[in-house]
Amino acid sequence: MEYAYLTDDARWDALQRRAPDADGVFYYSVRTTGVYCRPSCAARPALRRNVAFHATCEEAEAAGFRPCLRCKPDLPPLAQRQAAIVADICRLIDASDELPDLDSLAHAAGMSRFHFHRVFKAHTGITPKAYAAARRGERLKAGLQGAANVTETLYAAGFNSSGRLYAATPGLLGMTPGAFRAGGSGAVIRFAIGACSLGAILVASTDKGICAILIDDDPEVLLRDLQDRFPQAELRGAEGDYEQTVAQVVGLVEAPAIGLDLPLDVRGTVFQQRVWQALREIPAGSTVSYAELAHRIGAPNGARAVAGACAANALAVAIPCHRVVRNDGALSGYRWGVERKQALLEREREGER
């Protein structure tokens with residue numbers, strides 16, 4: 001937006017509007033106070049005759065003005081400073097065996113507990129407690145892979161008791177910790193590979209619901225993907241009564257607007273599940289940008305994290321990540337291929353006509 005503030009009149013207009021997009025483009029000083037500020041500063045409005053404009057902080061200070069203590073123009077923007085603080089707190093949580101209490105985290109951030117809670121959620125999309133739970137779950141998953149002892153792993157992951165562990169793992173692992181540790185040993189996953197207009201499709205279910213809908217040109221790729229997820233699970237294929245489930249999923253692919261009236265076994269971090277739930281609330285035939293989706297889940301600075309959650313989605317079409325596009329409306333990367341993304345969107349739009 002720098003081109004929009006080339007004249008003093010344009011800069012004065014931005015100052016009157018406290019335009020945030022003018023921050024960093026120019027600064028203004030007030031002769032009667034001796035300070036200089038960002039255009040978005042919430043300080044009391046100054047008279048035009050007392051205001052001068054500067055291209056840089058150095059220029060304003062060379063003219064004899066000092067930085068405003070309110071908007072701190074000589075420091076990075078507030079959002080950037082807050083993001084750095086939140087990143088530090090995330091590292092603090094990651095390094096802690098147990099979740100520090102909210103007061104301790106707020107003190108470390110140099111904020112009140114209520115302000116810290118609000119800032120943390122704005123930048124991550126989740127609360128400090130939810131972030132800690134998600135990270136603890138990730139440590140548990142990593143530790144259980146090939147671990148010899150579940151009890152030792154649960155304490156290393158930050159669970160204080162086996163009761164808490166087993167209460168938390170159904171949504172996190174989809175099975176008991178022991179079964180997950182053994183690569184799904186003892187778990188039964190029914191699956192079938194079929195064909196749809198977008199290529200080969202694999203549908204798999206646990207006893208809780210559909211846990212995977214995978215699409216590719218090569219059926220072998222789909223089978224290897226499922227086997228890699230649960231190398232020790234009992235995979236049951238070609239069961240006659242499961243064909244009806246596959247047929248319903250294929251029907252969803254051919255006409256995404258109809259929805260899927262089957263239970264899903266959705267597994268992911270707290271943040272991923274927030275994104276996936278928001279995806280399911282996007283009406284068929286509509287699209288949103290990654291930035292807009294981030295705003296919807298309360299993480300206005302989390303567009304990249306939202307994109308990562310979309311990429312991690314293993315339930316094609318049922319969780320409609322194909323409805324997310326770039327800010328300019330262009331199609332971006334899609335786990336199942338951009339051509340398939342375009343085809344799904346076209347089908348939805350045709351269904352709305």
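What percentage of the 353 residues of the chain count as buried? In this predicted model, the share that counts as buried is 44%. The chain contains 15 helices and 10 strands. Its exposed surface amounts to about 17,900 Å², of which carbon and sulfur atoms supply 50%. Among contacts between residues at least 6 apart in sequence, 58% join residues at least 24 apart.

## The four-stranded sheet and helix α1

An open sheet of 4 strands is arranged in the order β3-β1-β2-β4, and its pairing is mixed. Its edge strands are β3 (51–54) and β4 (66–67), each of which pairs on one side only. Strand β1, residues 27–30, runs antiparallel to β3 and is joined to it by 4 bridges. Within this pair of strands, S29 stands opposite A52 in β3.

Helix α1, formed by residues 8–17, lies across β1 and β3 and runs at about 105° to β3. The buried residues of this helix are A10, R11, W12, A14 and L15, and they pack against β1 and β3. In an α-helix there are 3.6 residues a turn, so residues three or four places apart point the same way.

Strand β2 comprises residues 35–37 and includes V35. V35 counts as buried, at 15% relative accessibility. Beyond its neighbours within four places in sequence, V35 is in contact with Y28, S29, V30, F65, R66 and C68. One of these partners, C68, is 33 residues from V35 in sequence, yet the two C-alpha atoms are 5.5 Å apart. S29 therefore appears twice in this region, standing opposite A52 in β3 and in contact with V35.

## Residues with positive phi

R18 follows just after α1 and takes a positive phi of about 50°. This residue is in the loop between α1 and β1. K72, which is not a glycine, also has a positive phi, of about 45°, and its place is in the loop between β4 and α3 (78–95). R18 is partly exposed, with a relative accessible area of 32%, and K72 is likewise partly exposed, with a relative accessible area of 32%. A further positive phi, near 150°, is taken by G209 in the hairpin of β6 and β7.

## The hairpin of β6 and β7

Strand β6 (residues 199–205) and strand β7 run antiparallel and are joined by 6 bridges. A204 stands opposite A212 in β7. The hairpin has 4 residues between the strands. Strand β7 spans residues 210–216; 6 of its 7 residues are buried, so this strand is largely enclosed by the rest of the structure. In a regular strand the side chains alternate between the two faces of the sheet.

## Helices α12 and α14

Two packed helices are described by the angle between their axes and the distance between the axes. Helix α12 (residues 270–280) packs with helix α14 (residues 303–311) at an angle of about 80°, and their axes are 9 Å apart. Because of that angle, α12 is roughly perpendicular to α14. On the α12 side the contact involves F271, Q272, V275, W276 and L279, which meet A305, V306, A309 and C310 in α14. By class, this contact has 8 nonpolar residues, 1 polar residue and no charged residues.

N313 is in the loop between α14 and β10 (324–325). Is N313 buried or exposed? N313 is buried, with a relative accessible area of 1%. Leaving aside neighbours within four places in sequence, N313 is in contact with W276, I319, C321, R335 and W336. W276 thus takes part in the contact of α12 with α14 and also in the surroundings of N313.

## Accessibility of individual residues

The table collects the residues whose relative accessible area is discussed above.

| Residue | Relative accessible area | Class |
|---|---|---|
| N313 | 1% | buried |
| V35 | 15% | buried |
| R18 | 32% | partly exposed |
| K72 | 32% | partly exposed |

Key: Residues are numbered from 1 along each chain as its sequence is written. This is a predicted model: local features need pLDDT of at least 70, side-chain atom pairs count only at pLDDT 80 or more; totals for chains, interfaces and linings use all residues. Side-chain values use heavy atoms; hydrogens and water are left out. Two strands pair if DSSP finds at least two bridges between them. Helices (H or I, at least four residues) and strands (E, at least two) are DSSP runs, numbered from the N terminus. Contact means heavy atoms within 4.5 Å. Axes are lines fitted to C-alpha atoms, for helices over the stretch in contact, and angles run from 0 to 180 degrees between N-to-C directions. Angles under 35 degrees count as roughly parallel, over 145 as roughly antiparallel, 65 to 115 as roughly perpendicular and the rest as oblique. Ala, Val, Leu, Ile, Met, Phe, Trp, Tyr, Cys and Pro count as nonpolar, Asp, Glu, Lys and Arg as charged, and the others, Gly among them, as polar. Buried means under 20% relative accessible area, exposed over 50%, partly exposed in between (1.4 Å probe, protein chains only). Accessible areas come from the Shrake-Rupley method with a 1.4 Å probe; for residues, only the protein chains shown count as cover.
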